[in-house]
Amino acid sequence: KQFIIQVCGFWCHLPLSCSAQQLREVFLSCVGNVEAAQKILSTLLKVHKGMLSLKGMRFFGSSILIAVSTNDNACSVSMIDFGHVIDTPSLLGDNEPEVDEGYIKGLQTLIDWLNQYIASA
């Protein structure tokens with residue numbers, strides 16, 4: 001198993017054993033500059049807010065696709081891969097459904113990295 005990240009048009013395969021620092025460096029090298037980072041951050045904050053209000057759903061295997069143009073800093077952020085979204089209240093009988101903590105944690109990690117990148121620029 002591995003992380004797969006597209007960096008500047010090339011796919012980068014990192015082992016799951018890579019450190020958080022290694023993963024962060026590859027991710028930020030793909031972002032490229034502060035303007036792109038700010039655009040990505042703005043969209044990720046909206047996705048994060050939406051996910052916090054979406055209770056009772058688990059997004060197994062879903063991903064965040066981030067595309068950045070090296071020509072004009074145009075950015076696109078999309079949630080993809082919805083093949084394994086589960087409605088937990090109906091499946092598990094949850095009386096008080098909760099948000100998908102794993103997805104929220106992943107989004108928060110990306111948001112933190114981008115905030116740090118922007119602050120250090």
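Leaving aside its neighbours within four places in sequence, which residues is His48 in contact with? The legends below address this in a predicted model, in which local features need pLDDT of at least 70, side-chain atom pairs count only at pLDDT 80 or more, and totals for chains, interfaces and linings use all residues. Residues are numbered from 1 along each chain as its sequence is written, and side-chain values use heavy atoms, with hydrogens and water left out.

**View 1. Surroundings of His48 in helix α2 (residues 34-53).** Beyond those sequence neighbours, His48 is in contact (heavy atoms within 4.5 Å) with Ile104, Leu107, Gln108 and Ile111. The side chains of His48 and Gln108 are joined by a polar contact of 3.3 Å, the term denoting a pair of N or O atoms within 3.5 Å, where within protein one must be able to donate a hydrogen and the other to accept it, and residues adjacent in sequence count only if both atoms are side-chain atoms. His48 counts as buried because its relative accessibility is 13% (buried means under 20% relative accessible area, exposed over 50%, partly exposed in between, with a 1.4 Å probe and protein chains only).

**View 2. The salt bridge between Glu35 and Lys39.** The structure holds 1 salt bridge, defined as a side-chain nitrogen of Lys or Arg within 4 Å of a carboxyl oxygen of Asp or Glu. Its closest N and O atoms are 3.5 Å apart. Glu35 and Lys39 lie 4 residues apart in helix α2, and are therefore separated by about one helical turn. Glu35 is partly exposed at 40% relative accessibility, and Lys39 is likewise partly exposed, with a relative accessible area of 34%.

**View 3. Buried residues of α4.** These are Tyr103, Ile104, Leu107, Leu110, Ile111, Trp113, Leu114 and Tyr117.

Note on methods. Helix = DSSP H or I, 4+ residues; strand = E, 2+ residues; numbered from the N terminus.
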